[in-house]
Amino acid sequence: MSPRLSVVLLALTLAACGSSDPEGPGTPPDAGTTVPDAGTGDAGGPDAGEPDAGSDAGTDAGTADAGVADAGPVDAGPPLVIPNTLSGFGLFTGSPADGGLVPVEGNVPYTLSTALFSDYAVKSRTLYIPPGKTAHYEPVAALDLPVGTLITKTFAFPADLRQPDQDVRVIETRVLVHQPAGWEAWPYVWNTEQTEATLATGGRSRDVTFIDLEGETRSFKYSVPSKNQCQQCHHLVDETGAQVMHPIGVKARYLHRPNTYGGVEHDQLEYLASLGKLDGLPAPANLPKAPDAFDPQAADLPTRARTYLDINCAHCHNPKGTAGITSQLFLNFDNASLFSLGECKRPGSAGAGVGGEFDIVPGNHAESILWYRMHTEESGKMMPQIGRTVHHAEGSQLIADWIDSMPAKTCK
């Protein structure tokens, strides 16, 4: 592994302009083919067969996954061309192997005040809005992003979580593409050499080992979701009952925080507005702001716990999410109903052996199904059902503390 690989996550996070190209993503050498618009053909369950559990022996043969030709030009007009390799998008320069993977101009890095947990992976995010197009501010939902928008999220594991910028192995980069017919999710898996990530619509699995924050060695099999599986978290039900894919993290309350661009600190929302990429932004005093869920100085315990549930669970457990509709458990931060939040509420379909009888038993986390399903690593019982293999010790402790802080109540 290149000694410069250790700085790749910092480069992704801090670099606002990695190229002098004013138009953002460039044109790869191969013409490629056009992929049909959004995932109506993917409306079923996960891809058939097991993910590739083999070792990272060289570059993955991504053409076997989808039959998508090598990269064509990615432009703002419909339909967007989906390249077979991540580099085909033209969103970054360099690769993890050379200490690069730096966002080009127009591909804006961003961070979230509280991020969704994914097996302790270190993540880097970017947002590309095509030239001449603008996103619109939304106070609660994700930003209204125009067709042609590309969102990337790169997942990596340092050898030691206590030194997150050293000896980093990049596993995957997911790309959300806003097609004319809606959003699509495309997973790309990095090869052993860390020189390229290849399209893997059927998903992959990778052996991961790291030293955790307590100094213990942890090993498990990390799962890269298939294209179809991405819909399980990224969908809402529209007024017709259809499942429609949406981004999760690009909400004003999570983006309203500082980041460094070109060596200067800016609020991320105000920076996008200054680039002409975001309109309708209210005055800073009127902007919603989610705290860091793990910073006791940022907010009180209930607010921090609700923030954690909002970013980690509410994309499914909300009035427009399939899990929320089925269970009537709504974990979105603005839900004011204690019952639909889970207090003394029996679950709709949790089954036996899930830690108790009620979603939340105020004053007693050990008998609360919500905490149990977050804490367990048993397949079929843990939540979320995909996206993690190990439990988030800090997250489950936060929820335990919150439940235990509630006035004790006997549920009947």
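Of the 412 residues of the chain, 52% count as buried, where buried means under 20% relative accessible area, exposed over 50% and partly exposed in between, with a 1.4 Å probe and protein chains only. The structure is a predicted model, in which local features need pLDDT of at least 70 and side-chain atom pairs count only at pLDDT 80 or more, whereas totals for chains, interfaces and linings use all residues. Residues are numbered from 1 along each chain as its sequence is written, and side-chain values use heavy atoms, with hydrogens and water left out.

**Overall architecture**

The chain has 10 helices and 16 strands; these are DSSP runs numbered from the N terminus, helices being H or I of at least four residues and strands E of at least two. About 17,400 Å² of the chain is exposed, and carbon and sulfur atoms supply 54% of this area, as computed by the Shrake-Rupley method with a 1.4 Å probe. Among contacts with a separation of 6 or more, 61% are between residues 24 or more positions apart, a contact being heavy atoms within 4.5 Å.

**The six-stranded sheet**

An open sheet of 6 strands follows the order S3-S4-S6-S7-S8-S9 with antiparallel pairing; two strands pair if DSSP finds at least two bridges between them. Its edge strands, S3 (107-110) and S9 (197-199), each pair on one side only. Neighbouring strands are turned by 25° against each other on average, direction ignored, with axes fitted as lines to C-alpha atoms and angles running from 0 to 180 degrees between N-to-C directions.

Strand S3 is joined to S4 by 4 bridges in antiparallel orientation, and Val108 has Leu127 in S4 as its bridge partner. On its other side, S4 (residues 122-128) runs antiparallel to S6 (residues 150-158), with 7 bridges between them; here Lys123 is partnered by Phe155 in S6. In a regular strand the side chains alternate between the two faces of the sheet. Both faces of S3 are covered, since Asn107 and Pro109 on one side and Val108 and Tyr110 on the other are all buried.

**A cavity lined by S3**

The structure holds 2 cavities of 30 Å³ or more. A cavity is a set of points on a 1 Å grid over the protein atoms alone where a 1.4 Å probe fits but cannot get out, and lining residues have an atom within 4 Å of a point. The second largest encloses about 60 Å³, a volume being the space filled by probe spheres set on the points, which are joined across faces, edges and corners. Its lining consists of Val108, Pro109, Tyr110, Leu127, Leu255, Tyr261, Gln268 and Leu272. S3 and helix H5 (268-274) each give two or more residues to this lining, and the largest share, 3 residues, comes from S3.

**Positive phi angles and distant pairs**

Most residues other than glycine have a negative phi. Two exceptions are tabulated below.

| Residue | Phi | Location | Relative accessible area |
|---|---|---|---|
| Leu101 | about 60° | loop between S1 (92-93) and S2 (102-103) | 2%, buried |
| Tyr120 | near 70° | loop between S3 and S4 | 12%, buried |

Lys221 is found in strand S11 (residues 217-224) and is partly exposed because its relative accessibility is 36%. Its C-alpha lies 7.6 Å from that of Thr389, although Lys221 and Thr389 are 168 residues apart in sequence. Arg388, in the loop between helix H9 (369-375) and helix H10 (393-405), counts as buried because its relative accessibility is 6%. Arg388 and Val224 are 164 residues apart in sequence, with a C-alpha to C-alpha distance of 9.9 Å.

Terms used
1 Å grid on protein atoms, 1.4 Å probe; cavity = no way out; pocket = protein on both sides within 12 Å on 5 of 7 lines; lining within 4 Å.
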